[in-house]
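Me: Got a minute to go through a model with me? Let me pull it up.

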Amino acid sequence: MFTTNPFAELSATISPEIMQAYVILMVLFVIGGTILDTLHKKSAKYFFENAEKAAKNATRELSGAEKKSLMAKTLTNEVLTSSEFSNQKRRMSHLMTMYGFIVFVATTAIMIFAYPEAKTETPAILPILWHLGALSLAVGGYWFWFFIRVDVLAEAKKWYQLARADLFIVSLLAMSTFALLWSLTSGHGLFLVLFILASTVLFTTVLWSKFAHMFFKPAAAYQKRVTKADGSRENLPADFDLTDPEVQRKFPDIPEYMGTNPPNMGLGIKREEPRHY
Amino acid sequence: MPTFVYMTRCDGCGHCVDICPSDIMHIDKVTRRAYNIEPNMCWECYSCVKACPHNAIDVRGYADFAPLGSSVRVVRDEEKGTIAWRIKFRNGEKDMELLAPITTKPWGKHYPDLASEPAPSQEMRNSPLLFNEPKYIRLDEGGLHTLESNGQKLKEGVYY
């Protein structure tokens, strides 16, 4: 069951051309939704205006090589390992959801386009990855849904109280759950319909959901790295090295009250989760 | 003027929601990021600004505090035990950085235990400092308004 291509079996009732057209249509909806989102919120316009304003406060010019290095660091840290999350539970859940989604969608597309018919032998790795992707998406997603969502964690909302911000995660969870149920019940029609419905909702509501964050967040993370590298630092104070004699000379309270080699003071408010409601 | 959140930096962690003493930092229902729901009630205590792990919150300047063109930003680093301010004046020339320890008392000691402090004595109530309270707080006769005295109960959860 985990090694059979569910779309190859489906091709008996729905032709591969229709499945492929659906995938292309969903891709177009994502592209169109993201562009519309950017235009409607003017997020690109404000983002670049903000970047220009920050660049005016820069103390040094970044070379092309430095910029490329920052892009590479953004890719390896913020994009691939979600390092922007300081809370490790959120980071773990996000990684599971993100990679589950990517693997699931990629293997779906590969199976539909390259191995759509039952007569072509699908390499077993693809359905295995498809199931693992859906499972990872479901586990990470449900963990987030019940425990980690900030409205539930910090604001005492019940997990069943929905808001528009939940459109993305709910459609993701529905898609992965119904996909797994469809496969586990060996192609039951009801779960197929629900799976298609959930995926359609997911990809067509990009304008109203948080879907497009996956395109905007890397850009914001790169720009944040640029502000640190070129000295503008968003007008924030510098990251002082407390053992530096120059810093101790400039700010004498530090060596006076904390000594010349200040210890790590440990976590303060961050040692507890923000749920004191 | 009140606090506001840079939505590109906020990741919806909830620390500002937790720490706001006026309970006005909450989570937006559309983007699931933090925002100030009642700017009128913000007294710029900087708790949320300091609590945010991503430095995503800033305070709008007003009048003689950070007039147009200037900027006041703070980073409270608990692991280092320091608080750092950077104040940029609007003449574009003066750019002050201030760094100080968060507390000058030994860490882990001298936490104030306000619950065990006694209530003001009658003599203190008659003193010039407190003689017009609680009457002048509530603008009519009676004791301090409390939830119990008004027949109210605190409901768990956030409703906004």
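What follows is a quick chat about a chain contact and some helix packing.

Me: Before we start, what is this and how is it labelled?
Reply: It's a predicted model, where local features need pLDDT of at least 70, side-chain atom pairs count only at pLDDT 80 or more, and totals for chains, interfaces and linings use all residues. Residues are numbered from 1 along each chain as its sequence is written, while chains are lettered from A and ligands numbered from 1 in the order in which they are written.

Me: How many residues does each chain put into the contact?
Reply: Chain A puts in 38 residues and chain B 39 residues, counting two residues as in contact if their C-beta atoms, placed from the backbone, lie within 7 Å.

Me: And what classes are on chain A's side?
Reply: There are 23 nonpolar, seven polar and eight charged residues on the side of chain A that touches chain B. Nonpolar means Ala, Val, Leu, Ile, Met, Phe, Trp, Tyr, Cys and Pro, charged means Asp, Glu, Lys and Arg, and the others, Gly among them, are polar.

Me: Switching topic: at what angle do α2(A) and α9(A) pack?
Reply: About 30°, with the axes of α2 (residues 16-41) and α9 (residues 189-204) of chain A 8 Å apart. Helices here are DSSP runs (H or I, at least four residues), numbered from the N terminus. Axes are lines fitted to C-alpha atoms over the stretch in contact, with angles from 0 to 180 degrees between N-to-C directions. So α2(A) and α9(A) are roughly parallel, that is, under 35 degrees.

Me: Which residues make that contact?
Reply: Met26(A), Phe29(A) and Val30(A) from α2(A), with Ser199(A), Phe203(A) and Thr204(A) from α9(A). They split into four nonpolar, two polar and no charged.

Technical notes:
Helix = DSSP H or I, 4+ residues; strand = E, 2+ residues; numbered from the N terminus. Parallel < 35°, antiparallel > 145°, perpendicular 65-115°, else oblique.
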